[in-house]
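Reader: I'd like to learn how to read the way helices pack together. Could you take me through it?

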Amino acid sequence: MSLSAAQRFFSLLALLALAGSVVMVVLRLVPSGRSLLNQIGPSSRWMAFAVAAVSTAGSLYFSEVQNFIPCKLCWYQRIAMFSLALVLLVGAIRRDRGVRWYAVPLAAVGTAVSVYHYLVEWFPGIETGSCDLFAPCSSPYFREFGFVTLSFMAGAGFLTVLALLLLPHEEDPHGQEHR
């Protein structure tokens, strides 16, 4: 796969994931959307794992195949995403609804780092000077569609994982979650 094809492919996946996250949030706000979200709920752990696994694969592709040197903020995002993929895989295999207690904090921290990194890419003046001269956090390797960068893609992945893990679960008449 050529670099331009990979950039376009992973950018489109990120945008699709982000759109899916927005739809999940909107459905949560609409009373009739809850029943659809309850149908997605049982597979949400596997879906979240798939997002984290594809994000991990994309990150590794850009660094190992295309030789993009990750900056410091990229490494922090990688630590969160790679760990998230592993935690979600174990949680999905074990059918552990409690995996959200471990995965949501990782995804939230990853989201925060991604948002900060994306802001640094657009407003380099806010960077505190902690990044490397050879891999500066303020210089994205590409801007697909004029705005999609690697930090944007990571942020979309983290937000999608959060949206999937925070789906409402079917409740019994006493208001308690089914396990």
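Reader: In which sense, left-handed or right-handed, does α4 pass α6?

Author: This is a predicted model, and in it the crossing of α4 with α6 is left-handed. Their axes lie 11 Å apart and make an angle of about 35 degrees.

Reader: Which residues make that contact?

Author: Start with the general idea. An α-helix has 3.6 residues a turn, so residues three or four places apart point the same way. Now look at the case here: α4 brings Gln77, Ala80, Met81, Leu84 and Leu88, while α6 brings Ser151, Ala154, Gly157, Phe158, Val161 and Leu165. Sorted by class, 8 residues of this contact are nonpolar, 3 are polar and none is charged.

Reader: What does Leu84 touch beyond its neighbours within four places in sequence?

Author: Leu84 is in contact with Ala52, Ala103, Leu106, Ala107, Phe158 and Val161.

Reader: And which members of the largest nonpolar core touch the most other members?

Author: Leu84 again, along with Leu88, Phe158, Val161 and Leu165, in a core of 23 residues. Two or more residues come from each of α1, α3, α4, α5 and α6, and α6 gives the largest share, with 7. Another core, of 12 residues, lies apart from this one and includes Phe10 and Tyr118.

Reader: Which residues of α1 are buried?

Author: Among them are Ala6, Phe10, Ala14, Ala17, Ser21, Met24 and Leu27. Their cover includes α2, α3 and α6. As for its span, α1 has 27 residues and reaches 39 Å from first C-alpha to last, close to the 39 Å expected.

Notes:
Residues are numbered from 1 along each chain as its sequence is written. This is a predicted model: local features need pLDDT of at least 70, side-chain atom pairs count only at pLDDT 80 or more; totals for chains, interfaces and linings use all residues. Side-chain values use heavy atoms; hydrogens and water are left out. A nonpolar core is a set of buried Ala, Val, Leu, Ile, Met, Phe, Trp, Tyr and Cys residues joined through side-chain atoms within 4.5 Å. Buried means under 20% relative accessible area, exposed over 50%, partly exposed in between (1.4 Å probe, protein chains only). Helices (H or I, at least four residues) and strands (E, at least two) are DSSP runs, numbered from the N terminus. Contact means heavy atoms within 4.5 Å. Axes are lines fitted to C-alpha atoms, for helices over the stretch in contact, and angles run from 0 to 180 degrees between N-to-C directions. A crossing is left-handed if the near helix is turned anticlockwise from the far one by less than a right angle, and right-handed if clockwise. Ala, Val, Leu, Ile, Met, Phe, Trp, Tyr, Cys and Pro count as nonpolar, Asp, Glu, Lys and Arg as charged, and the others, Gly among them, as polar. The expected span of a helix is 1.5 Å times one less than its number of residues.
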